[in-house]
Amino acid sequence: MATTQEIETLAAQIGENVYIDVAKWHLYLNDAHLHTIVAEKVYPLLEDDSLSEDAVTSILQSIPVKLGGGKTELPLNDLLPMQCQVNLLDLLEEYQKDM
């Protein structure tokens, strides 16, 4: 079971390196307050050694992001540029190696 410290460490790395792209404006996940939920949801994949692109994509697809004061909602996966998804997977692979 993950400790709060491990989740926070992973969340910090995610928050500083992964961003949402809105009209070519980069909103990092820590600024959007989404880094912790991503870390909490992906951490079990790292513990179970079941990290895969499909699993991460599925998690990102399951995280709703409210836009326009809640008028609309999109899955986080739809807001991340492909390069950020690749960076996230690389970051998770590196983190898992150090566990």
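Let's start with a charged pair: Glu73 forms a salt bridge with Lys66, and their closest N and O atoms sit 2.9 Å apart. Keep in mind that this is a predicted model. Side chains of opposite charge can pair when their charged atoms come close. As for how open the two partners are, Glu73 counts as partly exposed because its relative accessibility is 44%, while Lys66 is exposed, with a relative accessible area of 59%.

How many salt bridges does the count come to? The total is two. The other pair to look at is Glu94 with Lys97, where the closest N and O atoms are 3.2 Å apart. Why are Glu94 and Lys97 separated by about one helical turn? They are three residues apart in helix α5, so about one turn of helix lies between them. Glu94 is partly exposed, at 43% relative accessibility, and Lys97 is exposed, at 62%. Here are both bridges laid out:

| Acidic partner | Basic partner | Closest N and O atoms |
|---|---|---|
| Glu73 | Lys66 | 2.9 Å |
| Glu94 | Lys97 | 3.2 Å |

Stay in helix α5 for a moment. This helix covers residues 82–97, and Gln96 lies in it. Is Gln96 buried or exposed? Gln96 is buried, because its relative accessibility is 18%, and the cut-off for buried is under 20%. Setting aside residues up to four places away in sequence, Gln96 touches Leu45, Leu46, Asp49 and Leu51.

One of those contacts, Asp49, is worth a visit of its own. You'll find Asp49 in the loop between α2 and α3, with α3 spanning residues 53–62. Asp49 counts as exposed because its relative accessible area is 61%. Its phi angle is near 55°, which is a positive value in a residue other than glycine. Asp49 also belongs to a surface patch of negative charge, where it gathers with Glu6, Glu47 and Asp48. Glu6 has its place in helix α1, which runs over residues 4–17. With 31% relative accessibility, Glu6 counts as partly exposed; patch members need over 30%.

Which other residue has a positive phi without being glycine? That's Ala23, with phi near 50°. Look for Ala23 in the loop between β1 (19–22) and β2 (25–28). Ala23 is exposed, at 77% relative accessibility.

Now for two more buried residues. His35 lies in helix α2, which covers residues 35–47. Because its relative accessible area is 17%, His35 is buried. Which residues does His35 touch, not counting those up to four places away in sequence? They are Ala11, Ala12, Ile14, Gly15, Leu29 and Asn30.

Leu79 is in helix α4, made of residues 76–79. At 8% relative accessibility, Leu79 counts as buried too. Leaving aside neighbours within four places in sequence, Leu79 is in contact with Tyr19, Ile20, Asp21, Val65, Leu67 and Leu74. Try finding Leu79 and Lys24 in the structure as well: they are 55 residues apart along the chain, and their C-alpha atoms are separated by 11 Å.

Technical notes
Residues numbered from 1 in each chain as written. Predicted model: local features only at pLDDT ≥ 70, side-chain atom pairs only at ≥ 80, totals over all residues. Heavy atoms only, no water. Patch = residues over 30% accessible without salt bridge, like charges linked within 9 Å, V, L, I, M, F, W, Y side chains within 5 Å. Areas by Shrake-Rupley, 256 points an atom, 1.4 Å probe, with all protein chains shown as cover. Salt bridge = Lys/Arg side-chain N within 4 Å of Asp/Glu carboxyl O. Lys, Arg positive; Asp, Glu negative; His and termini not counted. Charge placed at Lys NZ, Arg CZ, Asp CG, Glu CD. Helix = DSSP H or I, 4+ residues; strand = E, 2+ residues; numbered from the N terminus. Buried < 20%, exposed > 50% of the residue type's maximum accessible area, 1.4 Å probe, protein only. Contact = heavy atoms within 4.5 Å.
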